[in-house]
Every structure is written in structure tokens, then in C-alpha cells.
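These are my notebook entries on one protein model. I record what I looked up, topic by topic.

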Amino acid sequence: MILILEPNIDKSGSLYLHLLDALRRLPNIQIRTHEEHGVQQVLTELYLIGDTAALNIDDIRELPGVERVVRISQEYRVLGRHRDEKRSTHFEYNGVAFSQDNLNIFAGLCAVDTPEHVEAMMKALRDHGQVCTRMGAYKPRTNPYSFQGHGKSCLPYVFELAGKYGIKVIAMEVTHESHVHEIAEALEKTGQPTGVMLQIGTRNTQNFELLKIVGRQQTYPVLLKRGFGITLEESLNAAEYLASEGNRKVIFGLRGMKSHFGEPHRNMVDFAHIPVIKRLTRMPVCIDPSHSVGSRAQAPDGLLDLHHAVAQGVIAGANMILVDFHPAPATALVDGPQALLLEELPHFLEDVAIARQAYEQRCRLAKQYQFI
Ligand code: PEP
Ligand code: MN
């Protein structure tokens with residue numbers, strides 16, 4: 001059961017203390033507190049865990065400071081959308097807003113290779129009004145002899161260049177607790193010139209210990225990729241691990257499923273699941289067309305399969321795009337064949353804008369017909 005309290009309730013005031021007092025007297029019930037920081041107000045939510053079936057919802061609603069009570073299903077307690085309730089999980093990080101209602105683009109390098117390439121990428125982003133990027137420093141590779149990423153050695157110049165070009169959020173995969181510390185340390189040493197969104201890759205979606213560690217910190221938001229060989233429910237539960245540990249700034253990423261039926265794409269594109277995730281949870285949904293499609297194959301209409309996949313995701317309401325670009329893909333150390341070129345960035349952005357406008361128009365149309 002979730003108790004949504006009156007906005008901006010004073011945690012040291014008598015109203016709140018009376019409420020807690022009353023709740024603590026309930027038998028076999030534990031209380032967990034969560035705060036939602038919205039644009040205009042702070043919403044405090046109390047999660048009652050335990051024998052809630054025995055509670056009378058009307059009695060709870062009458063308690064001081066309680067605005068609304070929601071009975072929740074067992075599934076995705078924190079991130080879930082319970083009985084169609086309309087709460088959003090808008091969050092802001094380093095000046096960038098994330099929600100199920102907007103769209104952020106994270107174009108960048110799959111793997112950091114040289115400072116020159118990082119700089120060329122960030123300059124192109126700045127020149128086209130972008131404030132987010134992706135930069136892989138720790139690369140989980142199938143083959144142990146493949147390039148594993150530059151790791152912590154590249155972080156200082158990546159962060160400094162981000163600061164120089166006004167990049168506010170960098171999506172960066174971590175595969176171990178030490179990576180989170182290394183990122184924090186490098187940000188500190190360089191004077192916090194940018195922000196980082198920790199990415200949990202598809203190979204680690206069910207690495208529960210990593211999820212708990214990343215979930216316990218609340219400094220960085222988290223992009224959790226869907227596991228490529230597990231059910232959607234299992235991946236959503238993995239996201240809930242992060243939230244249950246305290247970090248609700250979670251974005252759920254679709255990146256295609258491992259299946260021979262997807263060939264000749266690298267993975268079976270699964271962007272039709274965007275509305276499903278939005279219905280089941282309140283997480284913003286990210287699409288990764290690069291790791292789903294996996295090539296620069298072109299359709300007869302002149303558009304790349306990659307462009308088509310992006311448009312399919314955006315027109316279905318995607319909230320974030322994680323996409324590989326590279327200034328010189330032939331020299332890229334990871335995933336060169338699927339990278340878009342810097343010269344292709346303006347085309348990409350315009351194409352995304354068309355799909356986004358179409359999505360917004362579709363939502364207006366749906367509303368219009370609902371009133372008839
Ligand atoms: C990536 O985004 O660089 C990546 C490795 O993605 P995934 O975990 O989806 O394979
Ligand atoms: Mn990659």
C-alpha cells in the first residue's frame with residue numbers, strides 16, 4: 001500500500017510525526033519512505049509493507065497528512081503503475097529532465113578510443129544543440145582478447161571535454177562496483193564538469209549484486225538495458241531491484257532480443273514493447289537502435305534500417321535514444337560497422353524530430369476521439 005502525502009509536507013512538523021506514530025502502531029507493517037522531487041513540489045510517499053490486506057483503506061485515508069492511498073499489486077512495487085494510477089516519475093538530473101513524456105537523445109561513441117574522437121563527437125553534438133551523449137569506457141566483450149575499453153584512464157579527458165562542450169549527461173556502462181567509484185573520483189578530480197548516467201548492459205541485467213550496488217547510490221541515474229535472452233517480466237523485475245534499494249531514477253532500455261529470427265539484423269528489434277513498459281511501469285523508455293539493428297544496411301527508400309528502427313521507436317513514444325556515432329568508423333575499436341557518421345547527425349536529428357511530432361500528433365488525435 002502506498003500513502004501519498006500532502007505535497008511539501010514538513011517532515012519535522014507535528015502532522016507528519018502524528019502520522020508516523022499512528023502507522024508504527026499497525027501490527028506487522030513496515031514503513032519505507034520515498035521522496036519524489038517534481039518541478040514544483042516534493043511528494044512524500046510512504047510504502048507500507050507486510051500484512052496490508054488486513055488494513056482498512058478508508059481508515060488509512062483518514063490519517064493526518066494523507067492525500068491519497070493506492071493499493072499496489074505485488075509486481076514492481078516502486079516503479080509499477082498500480083491500478084492505472086497516473087503518477088509520473090519525472091526526474092531531473094544535472095539540468096536534464098527525464099520522464100515518459102519527453103525525449104532525450106544520447107548520440108555518441110560506443111567505446112572511447114582517442115581524445116581526438118571524443119572531442120570531435122562532443123563538438124558536433126554541441127554544434128547541433130545536444131547536451132547528452134554516450135561514451136563507453138568499460139566494455140563487456142564476448143571475446144576476452146577483444147579491446148575491453150580504456151577504463152578509468154580515459155575518464156579525466158572524457159569529463160573535461162564534456163565540460164568544454166556543454167555536455168550535461170554521459171551514459172556510461174559499468175560492470176563492476178569499482179567502476180562507479182572510479183567515475184565518482186574522476187568527476188571529483190575534474191571539478192564535476194558533467195554528469196553520468198550509469199548503464200547496466202544487457203549481459204548484466206540480472207547481475208543482482210551489481211543492481212543492488214547501483215541501486216543503493218542515488219547520485220547517478222541508471223539506464224538498465226533489457227536482458228537479451230530473458231522475459232520482459234524478468235527484466236522489469238531487475239529494474240525494480242534498483243528502485244527497491246532506493247534509486248528510482250531508472251530508465252528502461254530496449255536493445256533487441258537475441259534470436260535467429262531477427263537476422264539479418266543483429267538482434268530482433270523489440271520497440272513494439274514501448275507502450276507495454278509504459279503501461280506496466282512509470283519508467284521512461286530508451287531505445288538503442290544501434291545494438292538492435294547492428295549495421296548500416298540501407299533500404300531502397302534511401303533510409304538506413306537504423307533510421308527506420310529509430311522512427312518506429314520514437315513514433316511509439318520512446319523517451320530516450322542511445323545511438324552509436326563515430327568520426328571514423330573504420331578505425332573504431334568496437335562496433336564500427338553500426339556507427340553513424342558525424343556528418344549524418346543533422347539528418348538523424350531532423351528525422352527524429354519528424355517522428356516525435358508524429359507521435360505527439362497521434363496522442364492529440366487519440367484524445368480528440370476519446371471525447372467523441
Ligand atoms: C552498449 O550500449 O555499448 C552495449 C554493450 O549495449 P548492450 O548491453 O545492449 O549490448
Ligand atoms: Mn556496442
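**Entry 1: charge and overall form**

I began with the charges: the chain carries 39 positive and 43 negative ones, and their mean positions lie 2 Å apart. I note that the model is predicted.

I then looked up the overall dimensions. Along the principal axes, the C-alpha atoms occupy a box of roughly 65 × 55 × 35 Å. For 372 residues, a compact globule would have a radius of gyration near 21 Å, and the chain, with 22 Å, agrees with that.

For secondary structure I found eleven helices and 15 strands. Of the 372 residues, 51% are buried. I also checked how contacts are distributed along the sequence: among those with a separation of 6 or more, 71% are between residues 24 or more positions apart. The exposed surface of the chain comes to about 17000 Å², of which carbon and sulfur atoms supply 52%.

**Entry 2: the manganese site**

Which protein atoms are the donors of the manganese ion (ligand 2)? I found Cys110 (SG), His291 (NE2) and Asp335 (OD), at 1.9 to 2.3 Å from the ion. Along the chain these donors follow the spacing C-x180-H-x43-D. Cysteine 110 and histidine 291 link distant parts of the chain, being 181 residues apart. Cysteine 110 sits in the loop between strand 7 (104–108) and helix 3 (115–127), whereas histidine 291 belongs to helix 9 (residues 289–293). I looked up the burial of this pair as well, and both residues are buried.

**Entry 3: arginine 255 and arginine 226**

I turned next to arginine 255, which lies in the loop between strand 12 (250–254) and helix 8 (274–280). Is arginine 255 buried or exposed? Its relative accessibility is 3%, so I list arginine 255 as buried. Beyond its neighbours within four places in sequence, arginine 255 is in contact with ten residues that I could list in full: Thr202, Arg203, Lys225, Arg226, Phe228, Asn267, Asp270, Asp288, His291 and Ser292. One of these, His291, is also a donor of the manganese ion (ligand 2). I also took a C-alpha to C-alpha distance: arginine 255 and leucine 340 are 17 Å apart in space and 85 residues apart in sequence.

Arginine 226 is placed in the loop between strand 11 (222–225) and helix 7 (232–244). Arginine 226 has a relative accessible area of 5% and is therefore buried. Residues up to four places away aside, its contacts include Thr202, Asp270 and Arg255. Thr202 and Asp270 are likewise among the contacts of arginine 255. From arginine 226 to leucine 236 I noted 7.9 Å between C-alpha atoms, with ten residues of sequence separation.

**Entry 4: strand 3 and the loop after it**

Glutamate 45 is part of strand 3. With a relative accessible area of 1%, glutamate 45 is buried. Its C-alpha atom lies 9.6 Å from that of arginine 68, which is 23 residues away in sequence.

I then looked at threonine 52, in the loop between strand 3 (42–50) and helix 2 (57–61). Threonine 52 has a relative accessible area of 15%, and because buried means under 20%, I count this residue as buried. Outside its neighbours within four places in sequence, threonine 52 is in contact with Met1, Ile29 and Arg71.

**Entry 5: backbone exceptions**

I closed with the backbone. Most residues other than glycine have a negative phi, and most peptide bonds are trans.

Where does a cis peptide bond occur? I found one joining glutamate 263 and proline 264, with omega about 10°. Proline 264 is in the loop between strand 12 and helix 8, and arginine 255 is also placed in that loop.

Asparagine 28 has a positive phi, near 55°. The residue is in the loop between helix 1 (14–24) and strand 2 (29–37), and its relative accessibility of 61% makes asparagine 28 exposed. Glutamine 192 has a positive phi too, near 50°. Its loop runs between helix 5 (177–189) and strand 10 (195–200). Glutamine 192 has a relative accessible area of 46%, which means that I record this residue as partly exposed.

Terms used:
Residues are numbered from 1 along each chain as its sequence is written. Chains are lettered from A and ligands numbered from 1 in the order in which they are written. This is a predicted model: local features need pLDDT of at least 70, side-chain atom pairs count only at pLDDT 80 or more; totals for chains, interfaces and linings use all residues. Side-chain values use heavy atoms; hydrogens and water are left out. Helices (H or I, at least four residues) and strands (E, at least two) are DSSP runs, numbered from the N terminus. The radius of gyration is taken over C-alpha atoms; the globule rule is 2.2 Å times the number of residues to the power 0.38. Buried means under 20% relative accessible area, exposed over 50%, partly exposed in between (1.4 Å probe, protein chains only). Contact means heavy atoms within 4.5 Å. Accessible areas come from the Shrake-Rupley method with a 1.4 Å probe; for residues, only the protein chains shown count as cover. Lys and Arg count as positive and Asp and Glu as negative; His and the chain ends are not counted. The place of a charge is taken as NZ of Lys, CZ of Arg, CG of Asp or CD of Glu. Donors are N, O and S atoms within 2.8 Å of the metal (3.2 Å for Na, K and Ca); water is not among the atoms, so sites may look incomplete.
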